[in-house]
Amino acid sequence: MAATQDKLIIAGREFSSRLIIGTGKYETYQQNADALTASGADIVTVAVRRVNLTNPDEPLLVDFIDPKKTVYLPNTAGCFTGEDAVRTLRLAREAGGWDLVKLEVLSDPKHLYPDMEETMRAAKLLIADGFEVMVYCSDDPVFARKLEDLGCAAIMPLGAPIGSGLGIQNQVNIRLIVEQTSVPVIVDAGVGTASDAAIAMELGCDGVLMNTAIAEAKDPILMAKAMKHAVKAGRQAYLAGRMPRKKYADPSSPLAGLI
Amino acid sequence: MQLIINGETYADLKTDMSMLDLLSHLNLPKAKIAVERNKEIVPKSSYATIVLQDGDILEIITFIGGG
């Protein structure tokens, strides 16, 4: 089947899953690791923070999710300027030794919308520094185009505010971004349940990135499985090509030859 | 000597400590962290040769859960 060779390629790297999951908000790192297994994801987003000096024996994420088997995508969450983002990711590169990163420069904590001016500035700095930048952005096709022109490795528009679980709020914009973009487009943020992920994929997105939808489900492991299926189903439906929408009914059984 | 590590003051540290000495003093696993010294990244390959100076400001980070 064609779908088995249907790989996600970001900055020349091949991934078999189109689902990227976060590692925040889980009850334990063990639960997170179990959700990762259930989701089938190849990539996890991670944050960069000061080590706990008072308790160096505290469990570390790397003890539960092996960075040799799962690609760590360090993010810049919590950074509000381009300089903060660059500083954080340079440290992440030294800690992990890889250059694929998720850039997010946020603005107001109330809605966590990306500050697109700062995001653009940070993207330039990071690309000049040799990073492969997957960029969290607004669902504005104009900025998406500008970020692609800068050389970002993936364009990651929000579906809805981070952690809101409201689903894809502006399907028209996501579709416009998909149509105009030649690097992968990954919906990042806003997915609440499996159907939201399927919609993103049916719109032609190359992947979906989610954290809260899995971590804050009543049963995160089961939701991780559901998301795996939703992303696959949405992708296959997109590749299959949906039927046209019609205004009136069209019988499935022939009307001719009725007794 | 005195260092500022992750915003905290560490006084009475031995002088002429290398970065590697400090990491083992703090019980930190070298492979799982990264260090910034006075806003410059310290390459892992130079931990053994870098000698810390009184007043150095260090940031030591690791990966944690995030979205």
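What share of the contacts in chain B with a separation of 6 or more comes from residues 24 or more positions apart? Hold that thought while you look through these views of a predicted model.

**View 1. Chain B and its long-range contacts.** Here's the number: residues 24 or more positions apart account for 50% of the contacts in chain B with a separation of 6 or more. Follow the chain from its N terminus and you'll meet its elements in the order β-β-α-β-β-β. That's 1 helix and 5 strands. The radius of gyration of chain B is 12 Å, close to the 11 Å that the globule rule gives for 67 residues, so chain B is as compact as a globular protein of that length. Its C-alpha trace spans about 40 × 25 × 20 Å along the principal axes.

**View 2. Inside and outside of chain B.** Of the 67 residues here, 46% are buried. The accessible surface adds up to about 3,300 Å², and carbon and sulfur atoms make up 49% of that. Now pick out the charges: chain B carries 6 positive and 9 negative side chains. The centres of those two sets are 10 Å apart.

**View 3. Zooming in on T76(A).** Over in chain A, T76(A) sits in the loop between β5 (71–74) and α2 (82–96). Is T76(A) buried or exposed? It's buried, because its relative accessible area is 0%, and buried means under 20%.

**View 4. The company T76(A) keeps.** A polar atom of the T76(A) side chain lies 2.6 Å from the backbone oxygen of E104(A). Leaving out residues up to four places away in sequence, T76(A) touches A85(A), L89(A), K102(A), L103(A), E104(A) and V105(A).

Definitions and conventions. Residues numbered from 1 in each chain as written. Chains lettered and ligands numbered in written order. Predicted model: local features only at pLDDT ≥ 70, side-chain atom pairs only at ≥ 80, totals over all residues. Heavy atoms only, no water. Helix = DSSP H or I, 4+ residues; strand = E, 2+ residues; numbered from the N terminus. Buried < 20%, exposed > 50% of the residue type's maximum accessible area, 1.4 Å probe, protein only. Polar contact = N/O pair within 3.5 Å; in protein donor to acceptor, adjacent residues only side chain to side chain. Contact = heavy atoms within 4.5 Å. Rg over C-alpha atoms; globule rule 2.2 N^0.38 Å. Areas by Shrake-Rupley, 256 points an atom, 1.4 Å probe, with all protein chains shown as cover. Lys, Arg positive; Asp, Glu negative; His and termini not counted. Charge placed at Lys NZ, Arg CZ, Asp CG, Glu CD.
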